[in-house]
Amino acid sequence: RAKSDGRGLFRVFERGMDTKLQARRALELDLRAAIELQQFELHYQPLVDVVSGRVSGLEALIRWKHPERGMIGPDEFIPLAEETGLIVPLGAWVLHQACTDAVAWPGDVKIAVNVSPAQFKGPELVTAVLDALTLSGLHPARLELEITETALLSDASGTVAVLHELRAKGVRIAMDDFGTGYSSLGYLRSFPFDKIKIDRCFVREIETSADCKAIVRAVTSLGVSLGISTTAEGVETSAQLEHVRAEGCDQVQGYLFSRPVPARDVLVLLGHCIPSAVHETASTLAA
Ligand code: C2E
Ligand code: MG
Ligand code: MG
Ligand code: MG
């Protein structure tokens, strides 16, 4: 009897595992179909120049319009897309869509696209970027690729070679979520990045934590020394804006200015929604 109880328990455990795997498998099938059906949408969030108050670029952020589950954020499916290799066709779609959308914007507005470490594994990334530029007609200097430090963790020399190849075509390269990975400073030596995006965890506590403030200050002065521009992510309040401005960040991004908006709202945002907070900052500086 004890034996069969044990077996019963084991079966329950096994069934539990089954359910998890099945849910993952179902999501993977959904994701595969979603790529075929193009059930994705890019939303765009402004990158605001601190001194001028101008929107100098927008970051493309992917959403999945799931037929039953509604809008799903990237944190819920990008990891699975990376594990299954689906990130390669998905990433190519993002690049193409973002460049195509950006062609309709004023010529001095850049487009930032997130590129996952998994996209550096095969030879497809350079092709995907060049195809997106050629088919859309976007000038390469308007495209900025955001990569995280984890892209440089494994096979750093392969990744760095790809980055150099892209840079040679005129594309800009930004390091995303700076300060959250490993040995960040070492990675800054491995490639001449155009931009550092300071992770929002430092901005969130900039008013209350002397450490966070010191880190933001150190990164911006490092940026000045190395000739790399700095962007503060996740600016939600005007107090945070004041702090990151005082610490010397060149650019800001966050809910204070705008949440990510659908492509159709970008031109309206560029024309009419100069964020009042930065506007005030700009006039303060001009005065
Ligand atoms: P990320 O590249 O660091 O993008 C910034 C994230 O912070 C976005 O979340 C954005 O909506 C959010 N955010 C912006 N301002 C604020 C703020 O003031 N407060 C708070 N709390 N959050 C803010 P989202 O859209 O959920 O994207 C999450 C991550 O998913 C991105 O982080 C990026 O790593 C990844 N991701 C998004 N789109 C793509 C894509 O097309 N390809 C790849 N490979 N990854 C993507
Ligand atoms: Mg990003
Ligand atoms: Mg980021
Ligand atoms: Mg992030």
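User: I'm looking at this predicted model and its magnesium ions. Which residue bridges the magnesium ion (ligand 2) and the magnesium ion (ligand 3)?

Analyst: That's aspartate 176, which bridges the two ions, and they lie 3.9 Å apart. Keep aspartate 176 in mind, since this residue turns up again among the donors of ligand 2 and of ligand 3.

User: OK, one ion at a time. How do I read a metal site, and which residues are the protein donors of the magnesium ion (ligand 2)?

Analyst: Start by listing the donor atoms; a donor here is an N, O or S atom within 2.8 Å of the metal. Waters aren't among the atoms, so a site may look incomplete. For ligand 2 the protein donors are Glu59 (OE), Asn114 (OD1), Glu146 (OE) and Asp176 (OD), and they lie 2.0 to 2.2 Å from the ion. Along the sequence, these donor residues follow the spacing E-x54-N-x31-E-x29-D.

User: And what does a spacing like that tell me about asparagine 114 and glutamate 146?

Analyst: Look at where each one sits. Asparagine 114 is in strand S4 (residues 110-114) and glutamate 146 is in strand S5 (residues 143-147), so this pair ties together parts that are 32 residues apart in sequence.

User: Are those two buried or exposed?

Analyst: The rule is that buried means under 20% relative accessible area and exposed means over 50%, with partly exposed in between. Asparagine 114 has 29%, so it counts as partly exposed. Glutamate 146 has 1%, so that one is buried.

User: Now the other ion. Which residues are the protein donors of the magnesium ion (ligand 3)?

Analyst: Asp176 (OD), Asp177 (OD) and Glu233 (OE), with Glu233 (OE) listed twice; they lie 2.0 to 2.8 Å from the ion. The spacing of the donor residues reads D-D-x55-E. Here too distant parts of the chain get linked: aspartate 177 belongs to strand S6, while glutamate 233 is in the loop between strand S8 (229-232) and helix H9 (238-246), 56 residues apart. Aspartate 177 is partly exposed at 25% relative accessible area, whereas glutamate 233 is buried at 11%.

User: I've heard of phi angles. What is the sign of phi at aspartate 177?

Analyst: First the general idea: most residues other than glycine have a negative phi. Aspartate 177 isn't a glycine, yet its phi is positive, about 50 degrees. Glutamine 38 is another example, with a positive phi of about 55 degrees. You'll find glutamine 38 in the loop between H1 and strand S1 (40-49), and it is partly exposed at 48%.

User: Let's do ligand 1. How many residues surround ligand 1?

Analyst: For this kind of feature, count the neighbours, then look at the contacts, then ask how well the molecule is covered. There are 22 residues around ligand 1, and the closest are Arg63, Asn114, Asp176, Glu236 and Tyr255. Asn114 and Asp176 are familiar from the donors of ligand 2.

User: Which atoms come close to ligand 1 at glutamate 59, glutamate 236 and tyrosine 255?

Analyst: At glutamate 59, an N or O atom of the side chain is 2.9 Å from an oxygen atom of ligand 1. At glutamate 236, a side-chain N or O atom is 2.5 Å from a nitrogen atom of the ligand. Tyrosine 255 uses its backbone instead: an N or O atom there lies 2.9 Å from a ligand oxygen. As for cover, ligand 1 has 800 Å² of accessible area on its own, and the protein covers 85% of that.

User: So where does ligand 1 sit, and which elements give two or more residues to its shell?

Analyst: Ligand 1 is in the largest pocket. Strand S2 (55-66) and strand S6 (172-178) are the elements that give two or more residues to the shell. S2 provides the largest share, four residues.

User: Last one: where is alanine 34, and is it buried or exposed?

Analyst: Alanine 34 is part of helix H1 (residues 2-37). With a relative accessibility of 0%, it counts as buried.

Technical notes. Residues are numbered from 1 along each chain as its sequence is written. Chains are lettered from A and ligands numbered from 1 in the order in which they are written. This is a predicted model: local features need pLDDT of at least 70, side-chain atom pairs count only at pLDDT 80 or more; totals for chains, interfaces and linings use all residues. Side-chain values use heavy atoms; hydrogens and water are left out. Donors are N, O and S atoms within 2.8 Å of the metal (3.2 Å for Na, K and Ca); water is not among the atoms, so sites may look incomplete. Buried means under 20% relative accessible area, exposed over 50%, partly exposed in between (1.4 Å probe, protein chains only). A residue is near a molecule or strand if one of its heavy atoms lies within 4 Å of it. A polar contact is a pair of N or O atoms within 3.5 Å; within protein, one must be able to donate a hydrogen and the other to accept it, and residues adjacent in sequence count only if both atoms are side-chain atoms. Accessible areas come from the Shrake-Rupley method with a 1.4 Å probe; for residues, only the protein chains shown count as cover. On a 1 Å grid over the protein atoms alone, a cavity is a set of points where a 1.4 Å probe fits but cannot get out, and a pocket is an open set with protein on both sides within 12 Å along at least five of seven lines; lining residues have an atom within 4 Å of a point. A molecule sits in a cavity or pocket if more than half of its atoms lie within 2 Å of its grid points.
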